[in-house]
Amino acid sequence: MEKLVKFEKYITINQKLLVEVKVGDHAGIFDSRIEDMEAGDSIMISMPTDKGRAVPLAPNTRLHLSYVMDMGRFSFKSIVLDRVKEPRMMLKIAFPDAVFRQELRSFFRVDTRLSVKVMVTVKIDDVWTQKLFEGKVVDMSGGGLRMFTDIHIEKDATIEIYFLGSIEKVDQVKAQVMRCRSMEGKFEVGVRFVDISQTDRDRIIKYVFKRQVEQRKLLG
């Protein structure tokens, strides 16, 4: 992870954020965005929301914020300084001393157990056709996932993965197969997401973060 000190070079107005609150009455992960900045002083962010519902975080609430750009995944810590009502409900948070960057290939992976459908183009009797198969996702990140299927899928094949409602507002993603190997009567398939919108990637990252929080709670 790379530490960067000129935060204003790696953020823009309207950048979408994930806001994590680790303790307190409003512990969770919420959506927000950058509304305005005053370098070295403070940042204005939209009032965090959870499924469209505003989460009224109080002054002195400690935050862990993250976002994704083409240059990588960025994260920083801050604290709520004040609530602002005009021209709309916002939070004023402290300007960070530094921001940390991870390359996209180093997306944090989390264990999960998701049932998905996998659309694969196959050749049957010299005719190419699309077939739908079941898959079981065992870990996932903002960059890709690992799953088990009953069929072998060729490396570099482009497939479509349907999440069946498991990830909020993400119906399906396109992915490229990076590896496929036989394991205990199944096939382990590793894929990376391709042609994915930033909005859908953010939603997948939010799901990953929430799974991470759940696993921390289970471990005490």
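Biologist: Which side chain does the side chain of Gln 176 join in a polar contact?

Modeller: This is a predicted model, so take what follows as read off that model. The partner is Asp 156, and the contact between the two side chains spans 3.3 Å.

Biologist: Where is Gln 176 found, and is Gln 176 buried or exposed?

Modeller: Look along strand E15, residues 172-183, and you'll hit Gln 176 there. Its relative accessible area is 17%, so Gln 176 is buried, since the cut-off for that word is under 20%. Skipping residues up to four places away in sequence, Gln 176 touches Asp 156 and Ala 157, plus Gly 190, Val 191, Arg 192 and Val 194.

Biologist: How do I read the pairing of strands here?

Modeller: Strands of a sheet pair through backbone hydrogen bonds, in either a parallel or an antiparallel way. In this model, E11-E12-E13-E16-E15-E14 make a closed barrel of 6 strands with antiparallel pairing. From one strand to the next, the twist averages 45 degrees.

Biologist: How many bridges link E13 and E16?

Modeller: There are 6 bridges, joining E13 (residues 144-149) to E16 (residues 186-194) in the antiparallel sense. For a pair to click on, try Arg 146, which stands opposite Gly 190 in E16. Gly 190 is also one of the residues that Gln 176 touches.

Biologist: What about Val 170, buried or exposed?

Modeller: Buried, because its relative accessible area is 1%. Val 170 is in the loop between E14 and E15. Leaving out residues up to four places away in sequence, Val 170 touches Phe 163, Asp 200 and Arg 203.

Biologist: And how far apart are Val 170 and Thr 199 in sequence and in space?

Modeller: They're 29 residues apart in sequence, with 9.1 Å from C-alpha to C-alpha.

Methods
Residues numbered from 1 in each chain as written. Predicted model: local features only at pLDDT ≥ 70, side-chain atom pairs only at ≥ 80, totals over all residues. Heavy atoms only, no water. Helix = DSSP H or I, 4+ residues; strand = E, 2+ residues; numbered from the N terminus. Buried < 20%, exposed > 50% of the residue type's maximum accessible area, 1.4 Å probe, protein only. Polar contact = N/O pair within 3.5 Å; in protein donor to acceptor, adjacent residues only side chain to side chain. Contact = heavy atoms within 4.5 Å. Pairing = 2+ DSSP bridges. Axes fitted to C-alpha atoms, helices over the stretch in contact; angles between N-to-C directions.
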